[in-house]
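Colleague: Could you take me through a few local features of this model before I go back to the bench?

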Amino acid sequence: MSAIFAASSTTYIIFKRFEYSKPVPALVLLIGVPMTLASVLRDHFAGLATAMCATAAVHWVLLTLFVAVYRISPFHPLARYPGPLPCKLSKCWMAYLAGSGGKTHVYIDRLHRLYGDVVRIGPNELSVRHKDVCATVLGAKGLPRGPYYDTREHDDGVSLDGIRDPALHAVRRRPWARAMNSASTKYFEELIQHTVSDLTGGLKERAGESIDLTEWMSFFGLDFMGRMAFSYDYNMLKEGRDTQGLRRMIDQSLVNLRWISHIPWSIPYLKMIPGASKNWDDMKAAGDKVARHRVSLGSRRPDLFHHLMDEEGHEAVRPQLEVVSVDGALAIIAGADTAATTLAHFWMFMLRHPAYFERLRKEVDAAFARDDGPDFVKQARMPYLNACLNETLRLFPPVLAGLQRRVGRGTGGRMIGTHFIPEDTQVSLVAYTVHRNPDCFSPFPDTFWPDRWLTQETYTLPTGEVVPSSDVLTRRDAFMAFSQGPMACAGKNVALAEMRAAVCAVVQRFDLVLADERALDEWEEVLQECFVSKLGKLPVQVVPRN
Ligand code: HEM
């Protein structure tokens, strides 16, 4: 027994020091060690098979005990931070919650309300919602990404949003910066205009019918991103259906990532299961198809592909088509799903608060004649429109999962406000809970109240009470729906232009009549964190305005 104890404690120390996540060393320590012991100790057992079973069982139990005891002991570097026991013991708990209900954002928000600004959500992971956290963690002098992002690495390379090395990330980000320069922005605006007109055309054709606005916003997001990224027409708005089964494919490829991301060490083992990566492979094949189509066009359109492929020859080394396809697939998921989700939440709030809808309509009607196309400069300056969009993104940021960063080994730790974060710690920022922190947004941090984003001397609260501006706290620096800093959303400006244009066009031309009251009541219950968000239906009748 003492031999097994000595072997197991040595194994534990090696694991703790080197954090093996690669299968070979991990399997040597987990299986090789007890098997070797069994062959040495076989004379003490009824036979080799019994020795193997007994040593393996004792080895694993001891290892589990060592790990558990250390993680909940006062000697653990995060011992001073509060959190539920299952979180302290293993990240498997968070993986379970993510996989089983997709409600980790609500769970973490509850923990913050219970324990305060810093909560231990994993053995080596803290969730922080402190009012100064964004600049410290995400900003220019912030922290590099944590292992949560390892799921973005594939056989063909890693997509931009999964690159953890800041220097490499900066290099891969350059074409995105070029894509967002003014010449391309003009081209993207034309595409937005084209897609908005498909949207209003499609809605007009279905006037009086009950449609699912969530689905239509998704068609809008995908049609735009197909055009913007690859000059590819999915034509979903024209045909009124998901022409390529993309929505289902995206949902299926994301549903597993939401729990795997919490236990990234499991990735090499999962890859050994035949067919395990089928959903992602399908998604990748869809990306390859549109990328090849774009190659066949051969033209130098200033779409995203043009920049990602470096068709203008800015870089010393031309990127490979496979890597560009991965980034293109990222663009479609990152760009289409997020904007579509925001718009669906937006309409939900407008249906819930008809007075806000009317106020917005007044602003839109005053700014545009009925048949005007979008004016992107004007729309960027419309205070109430932007207040309503910001408020939607505050309460329901489409990226519901935490943005994880890491205080690296050997850095000596980091201060966040008055909290010391020791090295080797993952720090997670969940926009859903940071945005509901009363130290960042108050009063009524849980209430949809767009006025908080306006600059005024007095405010009329949702209760009708009038208060001076000193009573209203809106910490714009804590707004992180697009993240912040060098790894923030690369498509923020395009996304905002696209959403503003879609909102103005619909508000100007249509009345929305809710077809099923239950959709609003059940909205939050149905909402799931699915890497980004998974939404319920929003059945409405679209009635053209007289
Ligand atoms: C409402 C719309 C959008 C929201 C709320 C949003 C939000 C975000 C957030 C929070 C991140 C950081 C994710 C992380 O660190 O894990 C991100 C990254 C990213 N987004 Fe967006 N996004 C939106 C639309 C778009 C669009 C339209 C595009 C493309 C045109 C886009 C392209 C990207 C890219 C490429 C990244 C990775 C950036 C990097 O790693 O440097 N996003 N987005």
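**Loops, spans and a surface patch**

Modeller: This is a predicted model. To begin with one loop, S483 sits between β13 (473-474) and α22 (492-509).

Colleague: What sign does phi have at S483, and about what value?

Modeller: S483 is not a glycine. Its phi is nevertheless positive, at about 60°.

Colleague: Is S483 buried or exposed?

Modeller: Buried means under 20% relative accessible area. S483 therefore counts as buried, since its relative accessible area is 14%.

Colleague: Which residue does UniProt mark as "binding site", and where is it found?

Modeller: The mark comes from an unreviewed UniProt entry and falls on C489. C489 is partly exposed, with a relative accessible area of 35%. C489 is found in the loop between β13 and α22.

Colleague: Which residue in the loop between α10 (213-230) and α11 (236-239) has a positive phi although it is not a glycine?

Modeller: The loop between α10 and α11 holds S231. This residue is buried, with a relative accessible area of 12%. The residue with the positive phi, about 50°, is S231.

Colleague: Which peptide bond is cis, with omega near 0°?

Modeller: The bond leads into P443. P443 has its place in the loop between β10 (441-442) and β11 (458-460). The cis bond runs from S442 to P443.

Colleague: Which residues does the UniProt annotation "transmembrane region" cover?

Modeller: The annotation is from an unreviewed entry. It covers residues 24-41 and 47-70.

Colleague: How far apart are the end C-alpha atoms of residues 24-41?

Modeller: In residues 24-41 the chain is 100% helix and 0% strand. The end C-alpha atoms of that span lie apart by 24 Å.

Colleague: And what is the end-to-end C-alpha distance over residues 47-70?

Modeller: Residues 47-70 are 96% helix, with 0% strand. Their end C-alpha atoms are apart by 34 Å.

Colleague: Which residues gather in a patch of negative charge on the surface?

Modeller: One of them, D521, is found in helix α23 (residues 518-526). The patch is made up of E517, D521, E522 and E525.

Colleague: Why is D521 called exposed, and what is its relative accessible area?

Modeller: A residue counts as exposed when its relative accessible area is over 50%. D521 is therefore exposed, its relative accessible area being 62%.

Methods: Residues are numbered from 1 along each chain as its sequence is written. This is a predicted model: local features need pLDDT of at least 70, side-chain atom pairs count only at pLDDT 80 or more; totals for chains, interfaces and linings use all residues. Side-chain values use heavy atoms; hydrogens and water are left out. Patches are made of residues with over 30% relative accessible area and no salt bridge: like charges are joined within 9 Å, nonpolar side chains (Val, Leu, Ile, Met, Phe, Trp, Tyr) within 5 Å. Accessible areas come from the Shrake-Rupley method with a 1.4 Å probe; for residues, only the protein chains shown count as cover. A salt bridge is a side-chain nitrogen of Lys or Arg within 4 Å of a carboxyl oxygen of Asp or Glu. Lys and Arg count as positive and Asp and Glu as negative; His and the chain ends are not counted. The place of a charge is taken as NZ of Lys, CZ of Arg, CG of Asp or CD of Glu. Helices (H or I, at least four residues) and strands (E, at least two) are DSSP runs, numbered from the N terminus. Buried means under 20% relative accessible area, exposed over 50%, partly exposed in between (1.4 Å probe, protein chains only). UniProt positions are given in the numbering used here, feature names are shortened, and annotations may be inferred rather than shown by experiment.
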